[in-house]
Amino acid sequence: MKKDGVGRRDFMKTTLAGFGGLFFLSALDKQPEEKRIDVKGKGRKLVYRPLGRTGLKLPVINMGVMNSDNPNLIRAALDSGVVLLDTAHAYMQGRNEEVIGSVVKGRPRDSYLIGSKVSLPQDRTTGRYTEGATETEFLRKLDLSLKRLGIDHVDILYHHGVSRKESVLHEPVLNAMAKAKKAGKFRFAGITTHSNEPEVIHAAVDTKFYEVILTAYNYQQKHVADVRDAIARAAQAGLGIVGMKAIRGGFRLSPSVRSPAAALKWVLQDPHVHTIVPGFTTFDQLETDLAVMEDINLNEAEKMELQKEASLPGLYCQGCRECLGQCVARLPIPDLMRAYMYVYDYRNLAMARDLVLSLGLPSGACGECTVCPVRCSSGFPVREKIRDIVRIREIPAEFIA
Ligand code: SF4
Ligand code: SF4
């Protein structure tokens, strides 16, 4: 759609270039239905947004539980105003859902929301589903998740980890989700993506099946203008938008993210994002999030900080998939880079090990090439990082848990 000879997309790209990869929205772009709501007994007023047309209203930050198995932290988050707990069937090999189950046990069911995710076997280099990706397997995993959580339904059930249009439409998943919804096992159908996000988001909107999208979105994404356009289209179509990976590489690091609060606010300045689920793991980080939930506006110092950071080379894989056709062994490089991030930033060795083991790698990954032809668009020394991360396969699980 063109206006005055310049399309929205062109404008975004020009603006991005002008800011060296970063842009800020004007005050005119505020979320019209945003409200401030008191947290009882806490003296805090948190900013809430409606989650698309689901009818749910959520604080702008909720909890990505994936890196935390500390029930006290989850409890503190809920008691401080967090409403939605985001988990997945695969996190911590099920322990993540079990810990959440222990925390919510005895709480009124309408005092919290849970989003969980079910994934099916994929060819990691193509994002296509493989033989075991059946309706039965999806439903089996969902039932096990509900059992671990100790509840009869989750509020949002996500089709987990999708990176191509064809997989958005994978019939066994759509059939399984339709059956599970009819049986009351979840309320809203979602889909998650952290690679090739624009294609997935557009396809999800076109299905008219999904009601919520959970997507990676941050100011360091190279293709951020395309992600942003896709999010805007989805939000305008009435889908709820949940952001993840707002702090690229997480809270713990980050030489490239010195201001986690600013990174969170940057995502929330987009009125089409309804909430985000950062994976905080400490009480201090929870406090950082609560402060952002009270005041989502970027101040001048934070804007300058973000501009500075945006000009630094990224530390983490962008999920652009440009490397995939270059590797002679067809290694799933973006997944391996994600595992690397889990170790060196999230310090979540168990998740990294699970991911690496799930990839079906050859025993001597990267060991046979004398020269690596892969040229990462972000300049990562891919071979070194892969050689480093695959060693995690040799660590016994009991040393990691
Ligand atoms: S060194 Fe590793 S990443 Fe590079 S081409 Fe060989 S197998 Fe692929
Ligand atoms: S080219 Fe680099 S940034 Fe892009 S997916 Fe591959 S490793 Fe990640």
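Biologist: Which strands make up the open sheet with antiparallel pairing, and in what order?

Modeller: In this predicted model, that open sheet has three strands in the order 3-4-5. Its edge strands are strand 3 (35-39) and strand 5 (57-59).

Biologist: What makes strand 3 and strand 5 edge strands?

Modeller: Each of them pairs on one side only. As for the twist, the average is 45° from one strand to the next.

Biologist: How do you know that strand 4 and strand 5 count as paired?

Modeller: Pairing takes at least two bridges. Three bridges join strand 4 (residues 44-50) to strand 5, so the pair qualifies. The two run antiparallel, and arginine 49 stands opposite leucine 58 in strand 5.

Biologist: Which helix packs on that sheet?

Modeller: Helix 10 does, touching strand 4 and strand 5. The direction of helix 10 makes about 70° with that of strand 4.

Biologist: Why are helix 9 and helix 10 called oblique to each other?

Modeller: Helix 9 (residues 260-268) and helix 10 (residues 283-294) pack at an angle of about 40°. Roughly parallel needs an angle under 35 degrees, and roughly perpendicular starts at 65. An angle of about 40° fits neither, so the two helices are oblique. Their axes are 10 Å apart, and helix 9 passes helix 10 in a right-handed crossing.

Biologist: Which residues make the contact of helix 9 with helix 10?

Modeller: From helix 9 come Pro260, Ala261, Leu264 and Lys265, and from helix 10 come Thr288, Ala291 and Val292. By class, that gives five nonpolar, one polar and one charged.

Biologist: And what makes helix 12 oblique to helix 14?

Modeller: The angle between helix 12 (residues 333-346) and helix 14 (residues 382-389) is about 60°. The roughly parallel class stops at 35 degrees and the roughly perpendicular one begins at 65, so about 60° counts as oblique. The axes of helix 12 and helix 14 are 10 Å apart. This time the crossing is left-handed.

Biologist: Which residues meet where helix 12 packs on helix 14?

Modeller: Ile333, Leu336, Met337, Ala339, Tyr340 and Val343 in helix 12 meet Val382, Lys385, Ile386 and Ile389 in helix 14. The contact divides into nine nonpolar, no polar and one charged.

Biologist: Which residues are around ligand 1?

Modeller: The shell of ligand 1 includes Cys327, Val328, Ala329, Leu331, Cys366, Cys369, Cys372 and Pro373. Val374, Val382, Arg383 and Ile386 are also among them. That shell has eleven nonpolar, no polar and one charged residues.

Biologist: How many residues surround ligand 2?

Modeller: There are 15 residues, and the closest are Cys317, Gln318, Cys320, Cys323 and Cys376. The shell around ligand 2 divides into nine nonpolar, four polar and two charged. Helix 12 supplies the largest share of that shell, three residues.

Biologist: Back to sheets. Why are strand 6 and strand 15 said to stand at the edges?

Modeller: Eight strands form an open sheet in the order 6-7-8-11-12-13-14-15, with parallel pairing. Strand 6 (63-64) and strand 15 (275-276) each have a single partner strand, so one side of each is left without a neighbour in the sheet.

Biologist: How do you know that strand 6 pairs with strand 7?

Modeller: The cut-off is at least two bridges. Two bridges join strand 6 to strand 7 (residues 84-86), so the pair just meets the cut-off. The two strands run parallel, and the bridge partner of glycine 64 in strand 7 is aspartate 86.

Key. Residues numbered from 1 in each chain as written. Chains lettered and ligands numbered in written order. Predicted model: local features only at pLDDT ≥ 70, side-chain atom pairs only at ≥ 80, totals over all residues. Near = placed C-beta within 6 Å. Nonpolar A, V, L, I, M, F, W, Y, C, P; charged D, E, K, R; others polar. Helix = DSSP H or I, 4+ residues; strand = E, 2+ residues; numbered from the N terminus. Axes fitted to C-alpha atoms, helices over the stretch in contact; angles between N-to-C directions. Parallel < 35°, antiparallel > 145°, perpendicular 65-115°, else oblique. Left-handed = near helix turned anticlockwise from the far one by under 90°. Contact = placed C-beta atoms within 7 Å.
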